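User: Could you walk me through this structure before I go back to the bench? I'd like the overall picture, then a few individual residues.

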Amino acid sequence: MDLTLGLVIGVVVIALIFDYTNGFHDAANAIATSVSTRALTPRAALFMAAAMNFIGAHLGTQVAQTVGSGIIDAPDGSHGLVIVAAGLIGAITWNLITWYFGLPSSSSHALIGGLVGSALASASVVHWDGVIEKVVIPMVLSPLVGFSLAAAIMIAIYWIFRNSQPGKTNRGFRYAQTVSAAAMALGHGLQDAQKTMGVIFLALTVGGFAQPSDPIPQWVILAAAGAISAGTYAGGWRIMRTLGRRIIALDPPQGFAAESAAATVLYGAAIGFGAPISTTHTITSAIMGVGATKRLSAVRWGVAGNIITAWILTIPAAALVAAVSYFILHAVVEG
């Protein structure tokens with residue numbers, strides 16, 4: 001088999017493995033709040049999240065185009081494919097490390113960090129303007145917007161239902177959470193499945209099997225949607241505990257407010273700006289925003305601090321692993 005074709009197939013397989021790890025790593029984003037408030041059983045929540053992820057993956061390709069052409073320029077041929085493969089290995093490694101320790105870090109930023117790290121190691125072009133505009137600025141803004149919007153929704157809920165019976169209100173919001181959790185899972189598919197599509201399309205263009213101006217093939221969309229859905233259904237129980245209980249013990253109105261705010265930010269970033277933002281950062285900051293409306297001490301800021309540290313480390317750590325992976329793969333494949 002031709003070396004380039006073999007490498008393209010290899011990169012596609014690695015990309016789908018990343019997509020699968022993204023699914024089980026980020027399953028908690030969509031359903032941890034609903035499970036912790038007992039709005040949904042864990043298995044029902046996982047099935048719903050997997051289905052909505054699959055549907056969400058078909059709702060657009062703006063984020064995929066950003067990842068596929070707006071972050072790095074990989075040279076054509078086998079060398080470019082080695083760069084893409086190394087970037088994916090960096091992202092998968094960081095996903096597995098943070099999953100093991102139960103830290104909800106960003107699969108999105110692990111992927112971006114991996115691509116940048118392998119590109120730098122290979123002396124390839126990094127579009128720093130694209131990284132800053134489409135990654136760094138949204139990375140800072142999305143948690144702030146998620147925090148503020150969730151707090152605003154929670155304050156509105158407190159005011160609207162101030163004279164309602166707590167038991168009746170909680171029952172109503174358990175039903176509402178089914179909708180908000182579905183919206184969150186749909187946003188996750190819209191955002192995160194597209195990132196894998198972008199990487200696969202990048203591999204196809206570098207390998208000479210597609211042109212940058214071509215639309216993303218339907219098989220790429222289906223494969224990415226299927227992999228992230230399968231990973232979501234596999235579940236990420238370690239991270240689910242962190243998001244569902246360790247930051248703050250949520251009640252149904254708080255869960256609804258956090259999920260609604262996070263879903264709104266995800267849709268706005270993907271459809272409005274084509275920005276690959278982190279679902280993890282967005283839902284975690286929304287949970288913190290909801291908790292802060294109760295009282296600042298309700299949020300376990302020590303746990304939140306550990307999570308933020310993982311956020312800061314994600315891009316450089318994934319970049320470092322990707323750079324090392326590049327040198328190893330380059331020596332094996334082209335040496």
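Analyst: What follows covers the chain as a whole and then a handful of positions, and please keep in mind that this is a predicted model.

User: Fine. How many helices and strands are there in the protein chain?

Analyst: The protein chain has 12 helices and 2 strands, and read along the sequence they follow the pattern α-α-α-β-α-α-β-α-α-α-α-α-α-α. The radius of gyration is 20 Å, close to the 20 Å that the globule rule gives for 335 residues, so the protein chain is as compact as a globular protein of that length.

User: And what does the C-alpha trace span along its principal axes?

Analyst: The C-alpha trace spans about 70 × 35 × 30 Å along those axes.

User: How much of the chain counts as buried, and what share of the contacts is long in sequence?

Analyst: Of the 335 residues, 57% count as buried. Among contacts with a separation of 6 or more, 87% are between residues 24 or more positions apart.

User: What about the surface and the charges?

Analyst: The protein chain exposes about 13000 Å², and carbon and sulfur atoms supply 70% of that area. As for charge, there are 15 positive and 12 negative charges, and their mean positions lie 29 Å apart.

User: Let's change topic to helix 8; how do its expected span and its end-to-end distance compare?

Analyst: They agree: helix 8 covers residues 218-234, and at 1.5 Å a residue its 17 residues should span 24 Å, which is also the distance between its end C-alpha atoms.

User: Which residues of helix 8 are buried?

Analyst: The buried residues in helix 8 are V220, I221, A224, A225, A227, I228, S229, G231 and T232. As background, an α-helix has 3.6 residues a turn, so residues three or four places apart point the same way.

User: Y233 is also in helix 8; is it buried, partly exposed or exposed?

Analyst: Y233 is partly exposed, with a relative accessible area of 35%. Leaving aside residues up to four places away in sequence, Y233 touches R43, L46, F47 and A50. Y233 and A49 are 184 residues apart in sequence, while their C-alpha atoms are 7.5 Å apart in space.

User: Now G289, where is it, and what does it touch?

Analyst: G289 lies in helix 11, which runs over residues 279-294, and it is buried, with a relative accessible area of 0%. Beyond residues up to four places away in sequence, G289 touches F147 and A151. G289 and G87, in turn, are 202 residues apart in sequence and 33 Å apart in space, C-alpha to C-alpha.

User: And T4, is it buried or exposed?

Analyst: T4 has a relative accessible area of 18%, and because buried means under 20%, T4 counts as buried. T4 sits in helix 1, residues 3-36, and, not counting residues up to four places away in sequence, T4 touches S78, L81, G207 and F209.

User: Last one: what is phi of A123, and where is that residue found?

Analyst: Phi of A123 is near 60°, a positive value in a residue other than glycine. Most residues other than glycine have a negative phi. A123 is found in the loop between helix 5 (107-121) and strand 2 (125-126), and at 72% relative accessibility A123 counts as exposed.

Note on methods: Residues are numbered from 1 along each chain as its sequence is written. This is a predicted model: local features need pLDDT of at least 70, side-chain atom pairs count only at pLDDT 80 or more; totals for chains, interfaces and linings use all residues. Side-chain values use heavy atoms; hydrogens and water are left out. Helices (H or I, at least four residues) and strands (E, at least two) are DSSP runs, numbered from the N terminus. The radius of gyration is taken over C-alpha atoms; the globule rule is 2.2 Å times the number of residues to the power 0.38. Buried means under 20% relative accessible area, exposed over 50%, partly exposed in between (1.4 Å probe, protein chains only). Contact means heavy atoms within 4.5 Å. Accessible areas come from the Shrake-Rupley method with a 1.4 Å probe; for residues, only the protein chains shown count as cover. Lys and Arg count as positive and Asp and Glu as negative; His and the chain ends are not counted. The place of a charge is taken as NZ of Lys, CZ of Arg, CG of Asp or CD of Glu. The expected span of a helix is 1.5 Å times one less than its number of residues.
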